[in-house]
Amino acid sequence: MKRMSTSVFGLGVLLLLTVAAMKPVNGFSCMEAKLSLLQCLPFLTSSQDSPSSACCNAVSSVRASAPTKPELREACQCLTTAVGEFPNLDKDRAIQLPKLCNVDVGFPLTKDIDCNTISL
């Protein structure tokens, strides 16, 4: 019985460590960022002349979800990778997007940036 309770205790500690290692609920999530920025695809693929308010809200939300330097670097890596994943994406529009939405994301939306060089 004692061996079983020790195993259960050890499993509980392992579970707590796993949960503690997870990102905070309010931290940056690459998947959430990509999903929210789908609002911007009509502009980024040249089917709209300017970004919609929903798109700009998404850009603002993504920036707000990365307030720390490590999260900002993670956002940079996520979004620069995402820019490269869409073959029909207008690269110039991707670079212009934050400015058109009046949001300083802290880095240009281009796959050619070294995310380790960005700062807050």
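Okay, the core. In this predicted model, the largest nonpolar core has 28 residues. The residues with the most contacts inside that core are Val59, Leu79, Leu97 and Phe107. Which elements feed it with two or more residues? Those are helix H3, residues 41-44, helix H4, residues 53-64, helix H5, residues 69-85, and helix H6, residues 91-100. H5 gives the largest share of the core, 6 residues.

If you want one residue to click on, take leucine 79. What does leucine 79 touch, leaving out residues up to four places away in sequence? You'll find Ala33, Leu37, Val62, Phe107 and Leu109.

Now zoom out for a second. The chain has 6 helices and 0 strands, so to speak α-α-α-α-α-α when you read the elements from the N terminus on. There are 120 residues, and 31% of them count as buried. Take the contacts with a separation of 6 or more: 75% of those are between residues 24 or more positions apart. As for the outside, the chain exposes about 7900 Å², and carbon and sulfur atoms supply 60% of that.

Right, disulfides. A disulfide is a covalent bond between the sulfur atoms of two cysteines. The count here comes to 4 disulfides. Number the bonded cysteines in sequence order and the pairing reads 1-6, 2-3, 4-7, 5-8. I'll go through three of them.

Start with cysteine 30 and cysteine 78, with their sulfur atoms 2.0 Å apart. Cysteine 30 sits in helix H2, residues 30-36, and cysteine 78 in helix H5, so this pair ties together parts that are 48 residues apart in sequence. The torsion about the S-S bond is about 85°, so this disulfide is right-handed. How do the two ends fare on accessibility? Cysteine 30 has 24% relative accessibility and counts as partly exposed. Cysteine 78 has 5%, so that end counts as buried.

Next up, cysteine 40 and cysteine 55, again a disulfide, S to S 2.0 Å. Cysteine 40 is in the loop between H2 and H3 while cysteine 55 is in helix H4, so the link ties together parts that are 15 residues apart in sequence. This one is right-handed too, with 105° about the S-S bond. Cysteine 40 and cysteine 55 are both buried.

And then cysteine 76 with cysteine 115, sulfur atoms 2.0 Å apart. Where do these two cysteines lie? Cysteine 76 is in helix H5 and cysteine 115 is in the segment after H6, 39 residues apart, so to the eye the pair links distant parts of the chain. Left-handed or right-handed? The torsion about the S-S bond is about -75°, so this disulfide is left-handed. Both cysteine 76 and cysteine 115 are buried.

On to charges. Side chains of opposite charge can pair when their charged atoms come close. We get 2 salt bridges by count. One is glutamate 85 with lysine 34, where the closest N and O atoms are 3.6 Å apart. Glutamate 85 lies in helix H5 and lysine 34 in helix H2, so here the pair ties together parts that are 51 residues apart in sequence. H2 and H5 also hold the two ends of the cysteine 30 and cysteine 78 disulfide. Both partners of the salt bridge are partly exposed: glutamate 85 at 46% relative accessibility, lysine 34 with a relative accessible area of 29%.

The other salt bridge is arginine 93 with aspartate 90, 3.9 Å from N to O. Is arginine 93 buried or exposed? Arginine 93 is buried, with a relative accessible area of 16%. Why is that called buried? Because the cut-off for buried is under 20% relative accessible area. Aspartate 90, at 26% relative accessibility, counts as partly exposed.

Last stop, the surface. Met31, Leu35, Leu38 and Phe86 form a nonpolar patch there, with about 380 Å² of accessible area together. Phenylalanine 86 is in the loop between H5 and H6, and at 30% relative accessibility phenylalanine 86 counts as partly exposed.

Methods. Residues are numbered from 1 along each chain as its sequence is written. This is a predicted model: local features need pLDDT of at least 70, side-chain atom pairs count only at pLDDT 80 or more; totals for chains, interfaces and linings use all residues. Side-chain values use heavy atoms; hydrogens and water are left out. A nonpolar core is a set of buried Ala, Val, Leu, Ile, Met, Phe, Trp, Tyr and Cys residues joined through side-chain atoms within 4.5 Å. Buried means under 20% relative accessible area, exposed over 50%, partly exposed in between (1.4 Å probe, protein chains only). Helices (H or I, at least four residues) and strands (E, at least two) are DSSP runs, numbered from the N terminus. Contact means heavy atoms within 4.5 Å. Accessible areas come from the Shrake-Rupley method with a 1.4 Å probe; for residues, only the protein chains shown count as cover. A disulfide is a pair of cysteine sulfur atoms within 2.5 Å. Patches are made of residues with over 30% relative accessible area and no salt bridge: like charges are joined within 9 Å, nonpolar side chains (Val, Leu, Ile, Met, Phe, Trp, Tyr) within 5 Å. A salt bridge is a side-chain nitrogen of Lys or Arg within 4 Å of a carboxyl oxygen of Asp or Glu.
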